[in-house]
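Let's sit down with a model and learn to read a couple of its features. Have a look at it first.

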Amino acid sequence: MDVLALLNQKVFLGQEFLTWLWYFSESEGGLELKELGFVELALGERLVLGPAMGAEGARITVSGREASLAEAREGLRRGKLVESLRLGLEIHGEEYWLTLGAAELNLNGLALPPAAPQEAGQEGPEGLILERVALIENVFKALEGLLAHFLVLRLDPAAQKELRGAMAAWAQEPNLN
Amino acid sequence: MGLIKGRASISRYQAAGEPPADFWDFIDRRVKANAFKDIEQSTAEIAVGWTSVTDFMDTQFAFAPYSLNPYVVLGMRVDQRKVAASLVNKYHRLEMDKALGYLEEGRKLGRVRREELKDKVRLELLARIPPASKLYEVIWDTSRGELWLGAGTRKVMDLFEELFIASFGLELIPRIPFLLARDLVGDSALAARLEEARPWGPLGQEA
């Protein structure tokens, strides 16, 4: 399997998914997922937009709590899509924060809820490792649930048309920040 | 930045290929065969190998600390010496001045000799500079063939992919969005549509 070729040919899928995550966090705020219950989404303090696949142009980076999203919204209107974003997930009442990249869906700066302190008499790091693994798995389950939801809409001709129209209208909205 | 504590960067992979039936014996043999080997007393610029995830000095793996069934939990230790270009230039200049002292006045050092002196200086500096150590955590869920590397830079990912393949002979496939999407749609009606999907293009324009 030529992963590099696939990465280059299908990079649009990651860009569209991340752009949808931004849209979805603002329009719906979250999603009910089978194993995790309702997962709430929040856009974090960093958003990077770049040219859509096949297009050329500069990146736009919006960061900081006070930063207006107007510039990012303008980037959308000029044909850019999200390359990376800081995303908050609330799962089972606990907050997770991560920076997600469109190309490989790698996670950076993943902040997990604190692990429970080890019980008295418990030796070795095994418990801590397993707890961290479970927390990280929550993140991947949430992202996979969100991607699966996006794919159902993205790959259905009628639903795709409706979604794309809704996202185009959202991109045209004046920014409220 | 780690999988086990603090903020994490994670690169996600799928291991492809059939691991042998005596899996845990195989892991034990291959981890030990590819354990980190110290370069403290050499001039090697980089060394990469496995250690215990909780102790980057542990390359003996007594009591199989990597085994947390179904997980294999390892540290990938990377030791690297870095010689600043300014240091090489300084000592290269000193060596060239010394070499010129042996020549008749007005003669210059040839290109080959200058390069030889630069290599000599670089090797001498490498021997004097201790390598810096970094540890990257690796968690391999053997029940699903999924791996997490606690790093997100291409350079570290390349080192990991090389070490993993050399150690275990299994292919590593990054979980890029399209491949993840393929797994998620499975053989449903969406599978063919996914293969045929074309970019949306810019929002705000008609599709």
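What follows is a short chat about helix packing and salt bridges in this predicted model.

Q: How do I read two packed helices, and at what angle do α4 of chain A and α5 of chain B cross?
A: In general, two packed helices are described by the angle between their axes and the distance between the axes. Here, the axes of α4(A) (residues 126-155) and α5(B) (residues 177-185) come within 10 Å and cross at roughly 80 degrees. Angles of 65 to 115 degrees count as roughly perpendicular, so α4(A) is roughly perpendicular to α5(B).

Q: Which residues make that contact?
A: On α4(A), they are Glu144(A), Leu147(A), Ala148(A), Leu151(A) and Leu155(A). On α5(B), look for Pro177(B), Leu180(B), Ala181(B), Leu184(B) and Val185(B). Sorted by type, that's 9 nonpolar, no polar and 1 charged.

Q: What about salt bridges: how many does the structure hold?
A: There are 27 over all chains. Take Glu104(A) and Arg154(B), with their closest N and O atoms 3.5 Å apart; a salt bridge needs them within 4 Å. Glu104(A) sits in the loop between β5 and β6 of chain A and Arg154(B) in helix α4 of chain B, so the pair joins two chains.

Q: Is Glu104(A) buried or exposed?
A: Buried means under 20% relative accessible area, and Glu104(A) has 19%, so Glu104(A) is buried. Arg154(B), at 38%, is partly exposed.

Q: Which salt bridge lies within chain B, between helices α2 and α3?
A: That's Glu95(B) with Lys120(B), at 3.1 Å from N to O. The pair ties together parts that are 25 residues apart in sequence.

Definitions and conventions. Residues numbered from 1 in each chain as written. Chains lettered and ligands numbered in written order. Predicted model: local features only at pLDDT ≥ 70, side-chain atom pairs only at ≥ 80, totals over all residues. Heavy atoms only, no water. Axes fitted to C-alpha atoms, helices over the stretch in contact; angles between N-to-C directions. Helix = DSSP H or I, 4+ residues; strand = E, 2+ residues; numbered from the N terminus. Parallel < 35°, antiparallel > 145°, perpendicular 65-115°, else oblique. Contact = heavy atoms within 4.5 Å. Nonpolar A, V, L, I, M, F, W, Y, C, P; charged D, E, K, R; others polar. Salt bridge = Lys/Arg side-chain N within 4 Å of Asp/Glu carboxyl O. Buried < 20%, exposed > 50% of the residue type's maximum accessible area, 1.4 Å probe, protein only.
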